[in-house]
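Subject: Structure handover and findings

Hello,

Here is the structure I said I would pass on. My notes on it follow below.

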Amino acid sequence: MRDLKNKLTSSKNTKNIQTRKGKSFGYQVLGFGAGGVAVSDPIAFDYLVIAGGGGGDYASAPATYHGGAGGGGGGFRTSFPGGTKITLDPGDFTITVGAGGSAGVKGVDSVFSSTTSAGGGGANDTGSNKDGGSGAGGNSNDSKAGGSGNTPPTSPAQGNVGGAGTDPGLQSGGGGGAGGAGQAGASGGAAGAGLANSITGSAVTYARGGGGGHAGNTGSVGSPGVAGAAGATNKGEGGNGVIGQSAVVGGAGGSGVVILQYPNAAAPFVSLSPGANTSASSPGDTQTATFTVTGTLSF
């Protein structure tokens, strides 16, 4: 069995290597790397790591006082296409998929190896926890500012700022998204756009912000008294805020997702658990592993 330590120090891709104790399978995989590479060698993974979106705001008493702001989209971090892959030695690796935040609560971080995407900011009256991968919108009460995006900071940025609330007018801001800032309140602040990624072979948009609501009239969420819509599951969307009614709550943020791409020749040696996480062929003689819940990658 070859010396893995020496191999790692001479590899072309050594920036993001997590050293693990290797398994020895005792034979070669033809076609995987130049001249065939033993399965005990590292595997380089492209990745898309999306955190859980933040929850949209409820409306406080008195009824019709103000609309609820939109939650921030979950942090969006990826190496695909053309970025620096993460190379791992064989072992067992925990992949964390962040849950979406409930009404007014920040989303949960998603993690793959050295890459962490921050949960989207939660929209609430107190302004606590509204910063995140993308920031939550600001409430109309006292014209609160939107939450900061790209918090903690990454390069490239993992998200954008939430839109501010406006008062008078009782309009709450939209949550920021991976593709743009949330808009200031104006008949309910529009949500920040998400970003599309095609790591699976098809372009899918992730990490959109939640739309803001406003007091007592039809807005981006619906008629008065209608709860904010939830963000989409496994897309890290922020939850929508409500129209100004104290009896309803904002929408929950959508859960995140972690998607990994690696060479087809390595696929026989890669396993995922639990069963909700799946793998499939993707373009370019590659395989993608999609983690929709927290689980384990093994090879």
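A residue is called buried here when its relative accessible area is under 20%. G236 has 0% relative accessibility, so it counts as buried. Please bear in mind throughout that this is a predicted model.

Overall make-up

The chain has 299 residues, and 52% of them are buried. It contains 16 strands and one helix. Among the contacts with a separation of 6 or more, 61% are between residues 24 or more positions apart. The exposed area of the chain is about 11500 Å², of which carbon and sulfur atoms supply 52%.

The loop between β11 and β12

G236 belongs to the loop that runs between β11 (204–206) and β12 (257–263). What does G236 touch, once neighbours within four places in sequence are left aside? Its contacts are I50, A51, G53, G73, G74, A207, R208, G254, S255 and G256. The C-alpha atom of G236 is 9.9 Å from that of S110, a residue 126 positions away along the chain.

One of the contacts of G236, A207, is in the loop between β11 and β12 as well. A207 is buried, at 0% relative accessibility. Its phi is positive, near 60°, and A207 is not a glycine. N234, also placed in the loop between β11 and β12, is another non-glycine residue with a positive phi, of about 60°. For background, most residues other than glycine have a negative phi, and most peptide bonds are trans.

Cis peptide bonds

The bond joining F80 and P81 is cis, with omega at about 0°. P81 sits in the loop between β5 and β6. A cis bond also leads from T151 to P152, where omega is near 0°. P152 is in the loop between β9 (115–117) and β10 (195–197).

The salt bridge

How many salt bridges does the count give? The count is one, and it is formed by the side chains of K85 and D46, with 3.8 Å from N to O. K85 is in the loop between β5 (76–78) and β6 (86–88) while D46 is in strand β4 (residues 43–50), so the salt bridge ties together parts of the chain that are 39 residues apart in sequence. As background, side chains of opposite charge can pair when their charged atoms come close. Are the two partners buried or exposed? D46 is buried, at 7% relative accessibility, whereas K85 is partly exposed, with a relative accessible area of 34%.

Q261

D46 is also among the residues touched by Q261, which lies in strand β12. Leaving out residues up to four places away in sequence, Q261 touches A44, F45, D46, F80, I199, S282, T286, Q287 and T288. F80 in that list is the residue joined to P81 by a cis bond. With I199 there is a polar approach: a polar atom of the Q261 side chain lies 3.0 Å from the backbone oxygen of I199. Q261 has 9% relative accessibility and so counts as buried.

Strand β7 and the aromatic rings

Strand β7 (residues 92–95) has two faces: F93 and I95 are on the covered one, D92 and T94 on the uncovered one. β7 runs antiparallel to strand β16 (residues 295–298), and four bridges join them. In this pairing F93 stands opposite L297 of β16.

Five aromatic pairs are present in the structure. In the pair F93 and F299, the ring centres are 5.9 Å apart and the planes are at 20°, so the pair is stacked. F93 is in strand β7 and F299 is in the segment after β16, so this pair ties together parts that are 206 residues apart in sequence. Both rings belong to buried residues: F93 has 5% relative accessibility, and F299 has 1%.

Which residues do the ring pairs link into a cluster? The cluster is made of F45, Y47, F93, F112, Y262 and F299. F45, a member of this cluster, is also touched by Q261.

Regards

Technical notes:
Residues are numbered from 1 along each chain as its sequence is written. This is a predicted model: local features need pLDDT of at least 70, side-chain atom pairs count only at pLDDT 80 or more; totals for chains, interfaces and linings use all residues. Side-chain values use heavy atoms; hydrogens and water are left out. A salt bridge is a side-chain nitrogen of Lys or Arg within 4 Å of a carboxyl oxygen of Asp or Glu. Buried means under 20% relative accessible area, exposed over 50%, partly exposed in between (1.4 Å probe, protein chains only). Two strands pair if DSSP finds at least two bridges between them. Rings of Phe, Tyr and Trp (its six-membered ring) pair if their centres lie within 6.5 Å; planes under 30 degrees apart count as stacked, over 60 as edge-to-face and the rest as tilted. Contact means heavy atoms within 4.5 Å. Accessible areas come from the Shrake-Rupley method with a 1.4 Å probe; for residues, only the protein chains shown count as cover. A polar contact is a pair of N or O atoms within 3.5 Å; within protein, one must be able to donate a hydrogen and the other to accept it, and residues adjacent in sequence count only if both atoms are side-chain atoms.
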